[in-house]
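Me: I have a structure on my screen and would like a close look at one part of it. Please start with a single helix, then work outward to what surrounds it.

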Amino acid sequence: MFCSRCILDSRIPGITFDENGVCNYCKIHDEMCKEYPTGEKGQKILTKIAENIKRGGRKSKYDCVIGVSGGCDSSYLLYLARKLGLRPLAVHFDNTWNSTIAVENIHTMLKKLDIELYTYVIDNEEFNDLSRAFLSASVPEIDAPTDIALTTILYLAAEKHKIKYILNAHTFRTEGISPIGWWYFDGKYVQSIHRQLGKRPMKTFPNLWLRQWLKWLILNRIKRIRPLYYVDYRKEETKRFLTENFGWRWYGGHHMENKFTFFNHNYILPKKFDIDLRLVEFSALVRSGQMAKREALEKISKPMPIEENLVNEVKKRLHFTDEEFNSVLSLPKKTAKNYETYRPTFKRMRSFFWLMYKLDLVPKSFFIKYTR
Amino acid sequence: MLGVRVFPCLLLKNSGLVKTIKFQNPRYIGDPINTVKIYNEKEVDELVFLDIAATTENRKPPFNIISQIASECFMPFAYGGGIRSLEDIKTILSIGAEKVVINSYAVENPSFIKEASELFGSQSIIVSIDAKKHSNGSYYISTHGGNKSTKINSIAWATKMEEMGAGEILLNSIDRDGTMEGYDLELTKKVSEAVSIPVIACGGAGKYEDIGKVVEAGASAVTAGSLFVYQGKNRSVLINFPTRKEIEEILGRSIEEIYSTVKCVRRQKFQINDLVE
Amino acid sequence: MIVIVDYKMGNSGSILNMFKRIGVEAIISSNVSDIEGADKLILPGVGAFDNGIKNLKDSGLIPVLEKKVIKRKAPILGICLGMQLLTLRSEEGCLSGLGWVDAETVRFRFTENQASLRIPHMGWNTVNLMRYNVLFENLHNKDARFYFAHSYNVRCNNEKDVLSTTHYGHDFVSSIQKGNIFGVQFHPEKSHRFGMQLLKNFCMHARTL
């Protein structure tokens with residue numbers, strides 16, 4: 001069954017349809033639109049948030065931290081932060097798979113906006129080993145190490161410079177909401193996969209340990225804000241704006257500025273796990289009126305582009321022979337439920353995390369997905 | 001008109017890229033192959049890779065990594081670190097590097113440079129000189145990654161190496177390495193005036209404008225480490241490289257015009273004993 | 001099939017690598033039947049002139065090369081030393097070259113005011129085309145540049161054989177073409193997309209006459 005509004009269908013985990021055939025993800029989107037208004041209301045909220053940030057950071061060199069990847073959303077957020085009069089520190093997690101465009105985009109945005117950078121580079125062999133472990137674990141969360149590491153680095157940078165606010169470039173209106181059950185990320189999950197399948201010690205990987213995270217929440221009171229939720233964010237116009245004003249360049253697809261993420265999204269997820277992330281992204285664009293449903297369906301019918309060179313590059317770096325790689329691809333699928341995670345702990349701490357969400361210390365999506 | 005060559009100088013330690021300050025405290029920069037791919041896409045003029053641990057750890061050059069790097073480079077690529085035999089050079093050139101960089105072994109055995117340049121051609125042989133300024137104002141060379149100092153005068157050594165057949169001199173200022181305070185212009189001038197082969201300046205570049213200054217001092221080519229891997233005051237890792245247009249703007253004049261202002265002092269024939277003060 | 005002649009002088013691997021990147025089938029070979037069966041040939045070369053000619057002689061490939069190139073007019077591209085070997089002789093050595101092109105190889109000589117120009121001519125330089133040629137298709141714009149690394153250059157006795165010149169102190173011949181015989185002094189395999197375009201042009205357009 002297909003949603004009558006977006007392009008999700010009954011294969012999506014956790015999907016339900018109402019009497020008009022509209023799916024629950026569309027409903028979540030509408031609720032979020034109410035909770036996070038744009039236009040004048042959104043502008044007012046943003047101005048208030050900016051004032052809080054400025055006040056919180058008046059004694060520090062920087063007043064907020066922004067994670068940058070060279071991508072469209074984080075690049076725009078840098079501009080927005082400057083427009084709001086903020087003094088951001090850009091933070092980049094280099095997983096050693098940067099594309100040239102990503103690096104150039106970060107360089108040009110930071111240079112033109114006069115924003116300082118902090119980069120954390122993980123040891124290449126350690127990251128290769130961790131990635132290999134995740135592939136061998138046969139779970140869809142191959143990007144977990146990168147996502148977890150970036151979160152940790154953002155907190156570390158905020159703590160070091162006494163910054164109270166982490167600005168996140170997520171935009172539900174163009175990125176959508178990941179279906180519940182598609183994946184799950186936490187530090188203990190990374191640890192348990194590494195323990196079982198990793199070969200190198202974890203020395204440079206910045207894992208997000210619960211205790212450390214709670215300290216940042218409770219003691220340091222570092223908040224996570226999503227300013228783009230309050231902006232009428234239009235993807236195509238934003239890309240044009242960034243290109244014309246900053247020399248920023250588009251890299252072909254969502255999250256494709258990082259070659260390893262590209263490999264995950266365009267090869268592993270569709271091939272092994274039957275997950276096509278474009279469904280989520282295009283559904284969001286359809287709901288926001290930025291893409292016609294017919295266009296979305298047409299685009300989704302075409303296979304995701306992938307270069308054989310990139311697959312070979314991944315195999316080489318991860319020290320997989322062709323046979324090993326193929327056998328890993330055909331292993332039976334597993335999920336986070338097959339490994340130890342913090343999930344039981346998060347569930348027990350549900351009320352605590354409800355409070356953290358209300359205080360803007362954790363995103364609402366975390367509360368909904370991780371504590372149930 | 002021949003362009004001034006501008007390119008990154010990358011340091012390899014085990015399987016990762018690192019960056020030093022005054023040849024100390026190597027700091028991790030990233031994956032060598034991904035970095036090469038980025039510089040290749042940026043169409044840098046050349047690439048120099050130096051394995052900073054091969055000589056001190058007394059091991060062979062990492063042929064596997066050299067081969068991988070060569071396959072990603074569609075520009076000339078020079079490798080240095082731990083080269084001690086003609087066989088080493090032959091292997092490295094056959095797996096795809098255009099040139100080799102020899103440092104410590106040239107001091108142990110200067111005629112090795114003569115043998116190598118006769119066999120492989122001068123244009124494949126770069127001699128690297130790590131120079132440190134002494135309190136008396138002279139520059140002496142160091143070997144083994146800066147760990148062994150000598151009393152050999154850098155300028156005299158450069159002329160000796162040219163005489164032996166070196167095609168180029170890679171001139172490193174140990175004092176300026178990683179400081180981003182600018183090249184050692186005095187050292188560059190002295191060495192460039194003493195030899196008629198190209199001198200590649202290395203060590204100290206802090207901003208793109210430094211490239212112009214060191215060319216005026218006589219460098220035929222310019223290389224940098226920190227400048228092309230770091231961004232900003234925090235010295236955060238971010239690969240960067242000036243565009244062709246930026247390089248041309250920095251240099252302002254053609255290389256021939258620049259060369260016409262650099263004098264080439266007549267070389268004297270040095271005996272090895274003369275080199276040591 | 002493109003055959004890169006293997007006579008143990010030079011960076012055939014790099015040339016093969018670039019062919020792979022542009023999607024052209026090529027092999028490195030010192031085998032007579034491979035060369036006989038080739039559509040087009042590449043003569044690479046890095047090093048000294050006499051070593052080059054000696055190695056070529058010792059490889060036993062000169063007869064089959066002459067058959068292919070002179071008799072059958074198969075297109076051949078000499079690169080760097082490979083181009084110099086096509087000439088009659090070189091100031092660098094004592095032995096004769098292949099003599100397929102009426103030219104000599106001479107050392108760079110500069111006047112007094114050019115004295116501080118260093119030898120070898122090493123780095124990126126541009127070319128001035130003397131006439132239109134398929135080898136430089138899509139490379140006529142000003143930003144096309146190539147990597148040079150040489151101390152000797154070719155002097156053609158017949159102006160018609162000069163395809164392009166390059167300026168370093170004075171104008172010198174940077175590429176030649178006589179019928180099916182092409183030569184480039186620079187290294188296309190190390191010249192980024194400019195080299196890729198040139199090799200592509202050679203593969204797609206150079207014809208057997």
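Reply: Start with helix α6 of chain B, residues 154-164. 10 of its 11 residues are buried, so this helix is largely enclosed by the rest of the structure. Keep in mind that this is a predicted model.

Which residues of α6(B) are buried? They are B:Ser154, B:Ile155, B:Ala156, B:Trp157, B:Ala158, B:Thr159, B:Lys160, B:Met161, B:Glu162 and B:Met164. Read along that list and you meet B:Lys160 and B:Glu162 as well as B:Ile155 and B:Trp157. One general point helps when you turn the helix on screen. An α-helix has 3.6 residues a turn, so residues three or four places apart point the same way. After α6(B) comes B:Gly165. The phi of B:Gly165 is positive, near 115 degrees.

Now move to a strand in chain B. β1(B) covers residues 5-13, and nine of its nine residues are buried, so this strand too is largely enclosed by the rest of the structure.

What does β1(B) pair with? Take its partners one at a time. β12(B), residues 221-224, runs parallel to β1(B), and four bridges join them. In that pairing, B:Pro8 has B:Ala224 of β12(B) as its bridge partner. β4(B), residues 47-51, also pairs with β1(B) in the parallel sense, over four bridges. There B:Cys9 stands opposite B:Val48. β2(B), residues 16-21, pairs with β1(B) in the antiparallel sense, over three bridges. Here the bridge partner of B:Leu12 is B:Leu17.

β1(B) and β2(B) form a hairpin with two residues between the strands. In this hairpin B:Asn14 takes a positive phi, near 55 degrees. For strands, another general point is useful. In a regular strand the side chains alternate between the two faces of the sheet.

Next, follow β4(B) into the core. Its range, residues 47-51, begins at B:Leu47. Leaving aside neighbours within four places in sequence, B:Leu47 is in contact with B:Phe7, B:Pro8, B:Leu10, B:Val36, B:Tyr39, B:Cys73, B:Met75 and B:Phe77. B:Phe7, B:Pro8 and B:Leu10 in that list fall within β1(B), residues 5-13.

The largest nonpolar core has 257 residues. Which of them touch the most other members? B:Leu47 is one of these, together with A:Val65, B:Val100, B:Ile169 and B:Leu171. The helix that gives the most to this core is α6 of chain A, residues 144-160, with nine residues. Do not confuse α6(A) with α6(B).

Now look at how the chains meet. Two pairs of chains touch, and chains B and C have the most contacts. On that interface, 31 residues of chain B are in contact with 27 residues of chain C. The chain B side divides into 13 nonpolar, 12 polar and six charged residues.

Chain B also touches chain A. That contact takes 19 residues from chain B and 18 residues from chain A. On the chain B side, the elements that give two or more residues are β3 (24-30), α1 (32-41) and β14 (236-237). This side divides into six nonpolar, nine polar and four charged residues. Chains A and C do not touch; their nearest C-alpha atoms are 10 Å apart.

For one residue that reaches across from chain A to chain B, pick A:Asn124. A:Asn124 sits in helix α5(A), residues 124-136. Is A:Asn124 buried or exposed? A:Asn124 is buried, because 25 other C-beta atoms lie within 10 Å and 20 or more are enough. Beyond residues up to four places away in sequence, A:Asn124 touches A:Thr96, B:Ser15, B:Gly16, B:Gly30 and B:Asp31. The C-alpha atoms of A:Asn124 and A:Arg317 are separated by 9.0 Å, though the two residues are 193 residues apart along the chain.

Finish with the domains of chain A. Domain 1 spans 39-275 + 307-341, and domain 2 spans 345-372. Their centres, taken over C-alpha atoms, are 20 Å apart. Seven residues of domain 1 are in contact with seven residues of domain 2. On the domain 1 side, α9 (210-218) and β5 (223-225) of chain A each supply at least two residues. β5(A) gives the largest share, three residues. By class, that side has four nonpolar, no polar and three charged residues.

Last, the scores. The model has ipTM 0.85 and pTM 0.86. Chain C averages a pLDDT of 92, and 98% of its residues score at least 70.

Conventions: Residues are numbered from 1 along each chain as its sequence is written. Chains are lettered from A and ligands numbered from 1 in the order in which they are written. This is a predicted model: local features need pLDDT of at least 70, side-chain atom pairs count only at pLDDT 80 or more; totals for chains, interfaces and linings use all residues. Ala, Val, Leu, Ile, Met, Phe, Trp, Tyr, Cys and Pro count as nonpolar, Asp, Glu, Lys and Arg as charged, and the others, Gly among them, as polar. Domain bounds come from an automatic or database domain assignment. pLDDT is the predictor's confidence in each residue, from 0 to 100. A residue is buried if 20 or more other C-beta atoms lie within 10 Å of its own, exposed if 12 or fewer, and partly exposed in between; C-beta atoms are placed from the backbone. Two strands pair if DSSP finds at least two bridges between them. A nonpolar core is a set of buried Ala, Val, Leu, Ile, Met, Phe, Trp, Tyr and Cys residues joined through C-beta atoms within 7 Å.
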